[in-house]
Amino acid sequence: MDGQIRVGMVGHAFMGRAHSQAWHTVGRAFDLPLRPVTAAIAGRNEAALAEAADRLGWESTETDWRRLVERDDIDLVDICSPGDTHVEIALAALAAGKHVLCEKPLANTVADAERMTVAAEAARAQGVRSMVGYSYRRTPALALARQLVADGRIGDIRHVRAAYLQDWISDPEFPLVWRLQKDLAGSGALGDIGSHIVDLAQFLTGQHITGVSALTETFVKERPLPSASAGLSATGGTERGDVTVDDAALFLARLDGGAVATFEATRFALGRKNAMRIEINGSRGSLAFDFESMNELQFFDGTGPAEDAGFRRILATEPDHPYLSGWWPPGHGLGYEHTFTHQAKDMVEAIAAGTDPAPSFADGLRVQRVLDAVERSAAASSTWTPIACTAAEGD
Ligand code: SOE
């Protein structure tokens, strides 16, 4: 690769923007063994693609991702397109000997995730590396939390309590974007944001989810189509379409190390913008985190004297904290985009070292199995216990 790693990215919406920022920034923040080059960007609409390439800083464009994957001057394919496209692009890229970074969730189904994992493991034998983009693991405060758990600082894990709360689709007139269509997104809040907290719970505890009991709900059953929502059609009405995904997913889980867990994912929590929260209670202490205060980790050390016990705030901005060597003096803080920069750093370093970056496609498949189990549990009514009330109690 003559000191470079040439990236070809598919997609240029929100994730395309975040990944572009990361590829441009990572070499300025960290000393890397290979210099990332934003060589090509692929998208379907030529005009929008040209504007994105200019704004996001990509050297060339392809209106067909297949040509991007086949180019000899591309070393790594970065998949930032909707979930239904992941499997086909990843399989083609791996077969072409390209390293692959794929946005989350890995796929829209377990079957597709299995195919991607088999292909990734076969390509690995040829030195091809692959990773799935659960970027929140690379928040310094959460990487620190993982270290504290692994070091036994909170003892045996009893509880995991995770919630990912947003509110960007609480307006019933918000259009029927791809994240609200099952054939494109695979699921709703469950796969879009629930996948993050499933991955994090397993990453932070080092334990795997072995079973779930779940319920899901769709609050708004139909929405204006994106094209119609831009204005009224000739008849004065707007075309509308059915929402085919969950608006909220809540589930209980057991982990293989003995912990019990609760998960909640919704995009209807009015006032919560990107409140990805996780708390871990152990036999010797607890950890708590809220992404809306992403530089901070709350730590309760249960081994100290009672009179001055309490949660203390760790400001994860010290040079020794994970990833901080590349950034600013203590207290200056990082943001959402830096988790993607750290993701790019770890991917480039793994490729240069010939090691396997994490989370792997196999890790992504484990998350996919949990998402699938949640949907099957929610569809079954076997564990649901309705409460019958008398007239006197009010129905
Ligand atoms: C929308 O809910 C979204 O953009 C997710 O798709 C991302 O994975 C998350 O990082 C932010 O919110």
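Here's a quick briefing on one sheet, a few helix contacts and a salt bridge in this structure. Keep in mind that the model is predicted. At the sheet end of things, there are eight strands in an open arrangement with mixed pairing. On the helix side, helix 5 (residues 110-124) packs with helix 4 (residues 86-95) and also with helix 11.

**The sheet**

- Reading across the open sheet, the strand order is 8-11-12-7-13-14-15-16.
- The edges belong to strand 8 (209-217) and strand 16 (312-315); each has a single partner strand, so one side of each goes without a neighbour in the sheet.
- On average, neighbouring strands here are turned by 15° against each other, ignoring direction.
- Strand 14 (residues 285-290) and strand 15 (residues 296-301) run antiparallel and are joined by four bridges.
- Within that pairing, look for Ser286, which sits opposite Phe300 of strand 15.
- Helix 11 (residues 361-379) lies across strand 8 and strand 11 (248-255), and runs at about 50° to strand 8.

**Helix 4 against helix 5**

- The axes of these two helices come within 10 Å and cross at roughly 15°.
- With an angle under 35 degrees counting as roughly parallel, that is why helix 4 is roughly parallel to helix 5.
- The crossing of helix 4 and helix 5 is left-handed.
- From helix 4, the contact takes in His86, Val87, Ala90, Leu91 and Leu94; from helix 5, Asp112, Arg115, Met116, Ala119, Ala120 and Ala123.
- Sorted by class, the contact of helix 4 with helix 5 has eight nonpolar residues, one polar and two charged.

**Helix 5 against helix 11**

- Helix 5 and helix 11 pack at about 170°, and their axes are 9 Å apart.
- Angles over 145 degrees count as roughly antiparallel, so that's the label for helix 5 and helix 11.
- Helix 5 brings Val110, Ala113, Glu114, Met116, Thr117, Ala120 and Glu121 to this contact, where they meet Phe361, Ala362, Leu365, Gln368, Arg369 and Asp372 of helix 11.
- By class, the contact of helix 5 with helix 11 comes out as seven nonpolar, two polar and four charged residues.
- Met116 and Ala120 of helix 5 turn up in the contact with helix 4 and again in the contact with helix 11.

**Salt bridges**

- Side chains of opposite charge can pair when their charged atoms come close.
- The structure holds 28 salt bridges.
- One of them joins the side chains of Glu88 and Arg66, with 3.4 Å from N to O.
- Glu88 is in helix 4 and Arg66 is in helix 3 (residues 65-70), so to speak a link between distant parts of the chain, 22 residues apart.

Definitions and conventions:
Residues numbered from 1 in each chain as written. Predicted model: local features only at pLDDT ≥ 70, side-chain atom pairs only at ≥ 80, totals over all residues. Heavy atoms only, no water. Pairing = 2+ DSSP bridges. Axes fitted to C-alpha atoms, helices over the stretch in contact; angles between N-to-C directions. Contact = heavy atoms within 4.5 Å. Parallel < 35°, antiparallel > 145°, perpendicular 65-115°, else oblique. Left-handed = near helix turned anticlockwise from the far one by under 90°. Nonpolar A, V, L, I, M, F, W, Y, C, P; charged D, E, K, R; others polar. Salt bridge = Lys/Arg side-chain N within 4 Å of Asp/Glu carboxyl O.
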